[in-house]
Amino acid sequence: MATSLSPPTILSSTTAATKSAQAPLTVATKTHISAHPNKHPFPGSAAGLAATALAAATILTTTPPSLADSPPATYHLYYGTAASAANYGGYGGNASKMDTAEYVYDVPDGWKERLVTKVEKGTNGTDSEFYNPKKRTEKEYLTFLAGFGQLAPKDIVLNNLALSDVDLQDLIARADNISSEEKKDEKGQLYYVYEIDGTGAHSLISVTCAKNKLYAHFVNAPAPEWNRDQETLRHIHESFKTVGSS
């Protein structure tokens, strides 16, 4: 399997910005602190009005510190070929993975690819997987099964997916809420979309049929990572789609 190439991570320093934001705040604080309260100008005097105006101007011109916890996430596109277990690790030749791809999805830059074994492909149909190296259980992966020309009812599809995925079985069993809906892309292709809010974990699943195969894309995260990275996780969930002729 060809490894995806991600663009270099762009790092930026916020040290200078932080220092420039802190300096005016220090001045504003000192304006309101006096070691000799009795020496404050009388509020109605000219000196008092001037001091008040100066303090107000200082506060209005102070730049507040940034509230952003981290820069926006960046992504690279993964091309999946949904190769069978028999063909896994085959010759490859000069064929471009982009040309032979059957599905695509976005991967956050910095996430690592876990190489799927031939046994996994043969037992549960796992074709690709990426994870956050800071928390390996925050991940996205895709499974596929051959011999499916169309989708069964939504509840049956989800239960069948759980048969070969122990983690999904456990999540469903402990779920506080499970929602599902149907969506169609610009070509009219039908997708089932599931969201599972479980005890301590969250999962987003997108399922569709194409090329006589059933594709299921999973985005899983523990509750703390879900709360922190929800925007990124929803983005990669929505980025999944099949490509090429049906």
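These legends describe close-up views of a predicted model.

**View 1. The open sheet.** Seven strands make up this open sheet. Their order is E3-E4-E5-E9-E8-E7-E6, with antiparallel pairing. Strand E3 (112–113) and strand E6 (175–184) are the edge strands. Each of these two pairs on one side only.

**View 2. The E3 edge.** Strand E3 runs antiparallel to strand E4 (residues 126–132). Two bridges join E3 and E4. Lys112 stands opposite Tyr131, a residue of E4.

**View 3. Helix H7 on the sheet.** Helix H7 spans residues 223–239 and packs on the sheet. The helix touches E4, strand E5 (135–146), strand E7 (190–198), strand E8 (201–210) and strand E9 (213–222). The direction of H7 makes about 150° with that of E9.

**View 4. Tyr194 in its surroundings.** Tyr194 belongs to strand E7. Its relative accessibility is 2%, so Tyr194 counts as buried, the cut-off being under 20%. Leaving aside neighbours within four places in sequence, Tyr194 is in contact with Lys154, Val157, Leu158, Ser179, Ser180, Ser203, Leu204, Ile205 and Val207.

**View 5. Two distances at Tyr194.** A polar atom of the Tyr194 side chain lies 2.6 Å from the backbone oxygen of Lys154. Lys154 is also among the residues in contact with Tyr194. Between the C-alpha atoms of Tyr194 and Ser206, the separation is 6.4 Å. Tyr194 and Ser206 are 12 residues apart along the chain.

Note on methods:
Residues numbered from 1 in each chain as written. Predicted model: local features only at pLDDT ≥ 70, side-chain atom pairs only at ≥ 80, totals over all residues. Heavy atoms only, no water. Pairing = 2+ DSSP bridges. Helix = DSSP H or I, 4+ residues; strand = E, 2+ residues; numbered from the N terminus. Contact = heavy atoms within 4.5 Å. Axes fitted to C-alpha atoms, helices over the stretch in contact; angles between N-to-C directions. Buried < 20%, exposed > 50% of the residue type's maximum accessible area, 1.4 Å probe, protein only. Polar contact = N/O pair within 3.5 Å; in protein donor to acceptor, adjacent residues only side chain to side chain.
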